[in-house]
Amino acid sequence: MEIQEFAHGLSSIPEAEFTHDRVLDYVRRNRVDVKSLAPYLYFSPEHYTRNLIHRTPLFELIAICWEPGQRSAIHNHRGQRCWMSMAYGKVQVHNFRLVRQDPARGYCELEPSTHFIIDADRPCEVDPEEPIHQVSNPASFGSRAVTLHVYSWPYDTCEIYDLKARHYEDVKLVNTTEFGVLKSNLKVEKVSL
Ligand SMILES: [Fe+2]
């Protein structure tokens, strides 16, 4: 289906029913035609890009564009839900277990737990029990990738973790584009897939 129809369908799920299972079922059943994402597909050699497509008080819908070799920081979503599906290509997800932390000095120890691949047939939800994760599009996959993310509630910060330095901190999330309009200084290329 087209992205606008996908967004409309999500918007029509009542707040009380916007649950783990219901939204996961929705993203599994409804594949988005990548051609309909054309207004939102910007790639950058400097960083993956975040492209806001739709926002309601309950959720936001974002397309993230990954060049081969790009990856996110190790991060969590501060208790918010995140469902992820592929619009193009595939990505790898690594989950991490929090072994120890001391918020007073931003100290943390993590250890790797599960990892898996998301492709068009396998959408996923960030595991609420183990929400620290990293998403990557390894160069070995040999392709650009576009992930579609449903975040509920909308939020603009996350915690990022430095595995080696054993440190974590809050960062503000910046959208590269919002509703198809550029919002950042990243050097970007608009791409049709
Ligand atoms: Fe994430």
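Me: Strands are DSSP runs of E, at least two residues, and they are numbered from the N terminus. With that in mind, in which loop of this predicted model is Arg166 found?

Reply: Arg166 deserves a careful look in this predicted model, since its phi is positive at about 55° although Arg166 is not a glycine. As for its place in the chain, Arg166 belongs to the loop between β11 and β12 (167-172).

Me: Is Arg166 buried, partly exposed or exposed, and what is its relative accessible area?

Reply: The class of partly exposed residues lies between the limits of 20% and 50% relative accessible area. Arg166 falls in that class and is partly exposed, with a relative accessible area of 41%.

Me: Which loop holds Phe179?

Reply: Phe179 is a residue other than glycine with a positive phi, near 55°, and it is partly exposed, having a relative accessible area of 48%. Its place along the chain is in the loop between β13 (177-178) and β14 (181-182).

Me: Which peptide bond is cis, with omega near 0°?

Reply: The bond to look for leads into Trp153, a residue that lies in the loop between β10 and β11 (157-162). With omega near 0°, the cis peptide bond is the one from Ser152 to Trp153.

Me: How wide an arc do the buried residues of helix α2 cover around the axis?

Reply: In helix α2 (residues 20-29), the buried residues are Val23, Leu24, Tyr26 and Val27. They are on the same side of α2, because the arc they cover around the axis is only 160°.

Me: Which exposed residues does the face of α2 turned away from its buried side carry?

Reply: The buried side of α2 packs against α1 (3-11), β5 (81-88), β8 (124-125) and β10 (145-152) through its buried residues. The face turned away from that side carries exposed residues, namely Asp21, Arg28 and Arg29.

Me: Are α1 and α2 roughly parallel or roughly antiparallel to each other?

Reply: The axes of the two helices, α1 and α2, come within 11 Å and cross at roughly 160°. Since angles over 145 degrees count as roughly antiparallel, α1 and α2 are therefore roughly antiparallel.

Me: How many nonpolar, polar and charged residues does the contact of α1 with α2 have?

Reply: In this arrangement α1 passes α2 in a right-handed crossing. On the side of α1 the contact is made by Glu5, Phe6, Gly9 and Leu10, and on the side of α2 by Val23, Tyr26 and Val27. With Gly counted among the polar residues, the contact by class has 5 nonpolar, 1 polar and 1 charged residues.

How values were computed: Residues are numbered from 1 along each chain as its sequence is written. This is a predicted model: local features need pLDDT of at least 70, side-chain atom pairs count only at pLDDT 80 or more; totals for chains, interfaces and linings use all residues. Side-chain values use heavy atoms; hydrogens and water are left out. Buried means under 20% relative accessible area, exposed over 50%, partly exposed in between (1.4 Å probe, protein chains only). Helices (H or I, at least four residues) and strands (E, at least two) are DSSP runs, numbered from the N terminus. The arc is that of the directions from the helix axis to the C-beta atoms. Contact means heavy atoms within 4.5 Å. Axes are lines fitted to C-alpha atoms, for helices over the stretch in contact, and angles run from 0 to 180 degrees between N-to-C directions. Angles under 35 degrees count as roughly parallel, over 145 as roughly antiparallel, 65 to 115 as roughly perpendicular and the rest as oblique. A crossing is left-handed if the near helix is turned anticlockwise from the far one by less than a right angle, and right-handed if clockwise.
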